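Trainee: I would like a close look at a single part of this model, set against the chain as a whole.

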Amino acid sequence: KFILDVQQALQEGGIPAAQDLCAQTRGPIASVFQAGLMRADEGVEAAEKAITTYGSIEMSFLERGLVWLALFIAIAPLLGFLGTVVGMIEAFDAIEAAADISPSLVARGIKIALLTTAAGLLAGIILQVGYNYCVSKIDRIIAEMEESSITLIDSIILMKEGKQIVPEEGSEDEQV
């Protein structure tokens, strides 16, 4: 819908109307479009370069929190394994203090070891699922930005040539 609105604004009011529409719309695609439209009067190449540059900036904004999520994915199992080592140390301390090997002496330490391992692995699994979801969503947004940018450049070219901008059919849920 947004792409169709931009194409209509280009057709009816030219680049200034499309810029106003982009300025009033939130989101990475609108920001990338606005950057391209601001350079459109300098030529299609300048608009393409602005779109590419600003697209990279928007991509870094979208990915900014993923580094922390990846860090926690790596740390969670390690903390679980650290708990395993602490639990085993406790079990061996109990054996040493009693000078006897009895299942009841080591049970507490082994229980701690297993619980911390399970907790660390469970946290890592949950975080990995969340990370993959975020990466998938970001990849979809980036693909939409790229496809939309091509449509915008094509529309600018048609407008500069004085031709009618005809919206093209996109995916099932979106017109381009």
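In which helix does Ile153 lie, and which residues does Ile153 touch, not counting those up to four places away in sequence?

Mentor: This is a predicted model, and within it Ile153 lies in helix 5. Ile153 has a relative accessible area of 8%, and because buried means under 20%, the residue counts as buried. Once residues up to four places away in sequence are set aside, Ile153 touches Val44, Ala47, Glu48 and Ile51. Glu12 is 141 residues from Ile153 along the chain, and the C-alpha atoms of the two are separated by 17 Å.

The surroundings of this residue can be read against the core. The largest nonpolar core holds 24 residues, and those touching the most other members are Phe2, Val6, Leu10, Phe33, Leu37 and Leu152. At least two residues of this core come from each of helix 1 (2-24), helix 2 (28-38), helix 3 (44-63) and helix 5 (103-160), with helix 1 giving the most, 8 residues. As a general matter, nonpolar side chains in soluble globular proteins tend to be buried together.

Helix 2 shows how these elements meet, since its buried residues, namely Ile29, Ala30, Val32, Phe33, Ala35, Gly36 and Leu37, pack against helix 1, helix 3 and helix 5. Phe33 illustrates this in detail: leaving aside its neighbours within four places in sequence, Phe33 is in contact with Phe2, Ile3, Val6, Cys22, Ser148, Ser149 and Leu152.

Two further residues offer points of reference for Ile153. Asp139 is also found in helix 5, but with a relative accessibility of 44% Asp139 counts as partly exposed. Between the C-alpha atoms of Asp139 and Gln11, which are 128 residues apart along the chain, the separation is 30 Å. Ile73, by contrast, is found in helix 4, which covers residues 66-98, and at 14% relative accessibility Ile73 counts as buried. Apart from residues up to four places away in sequence, Ile73 touches Gly124, Leu127, Gln128 and Tyr131. Ile57 lies 16 residues from Ile73 in sequence, while their C-alpha atoms are 25 Å apart in space.

Turning to the whole chain, the secondary structure comes to 5 helices and 0 strands, so that the order of elements from the N terminus on reads α-α-α-α-α. The radius of gyration of the protein chain is 28 Å, well over the 16 Å that the globule rule gives for 176 residues, and the chain is therefore more spread out than a compact globule. Along its principal axes, the C-alpha trace spans about 95 × 30 × 25 Å. Buried residues, Ile153 being one of them, make up 31% of the 176 residues. Of the contacts between residues at least 6 apart in sequence, 63% join residues at least 24 apart.

As for the surface, the protein chain exposes about 11,000 Å², of which carbon and sulfur atoms supply 63%. The chain carries 11 positive and 24 negative charges, and the mean positions of these two groups are 5 Å apart.

How values were computed. Residues numbered from 1 in each chain as written. Predicted model: local features only at pLDDT ≥ 70, side-chain atom pairs only at ≥ 80, totals over all residues. Heavy atoms only, no water. Core = buried A, V, L, I, M, F, W, Y, C linked by side-chain atoms within 4.5 Å. Buried < 20%, exposed > 50% of the residue type's maximum accessible area, 1.4 Å probe, protein only. Helix = DSSP H or I, 4+ residues; strand = E, 2+ residues; numbered from the N terminus. Contact = heavy atoms within 4.5 Å. Rg over C-alpha atoms; globule rule 2.2 N^0.38 Å. Areas by Shrake-Rupley, 256 points an atom, 1.4 Å probe, with all protein chains shown as cover. Lys, Arg positive; Asp, Glu negative; His and termini not counted. Charge placed at Lys NZ, Arg CZ, Asp CG, Glu CD.
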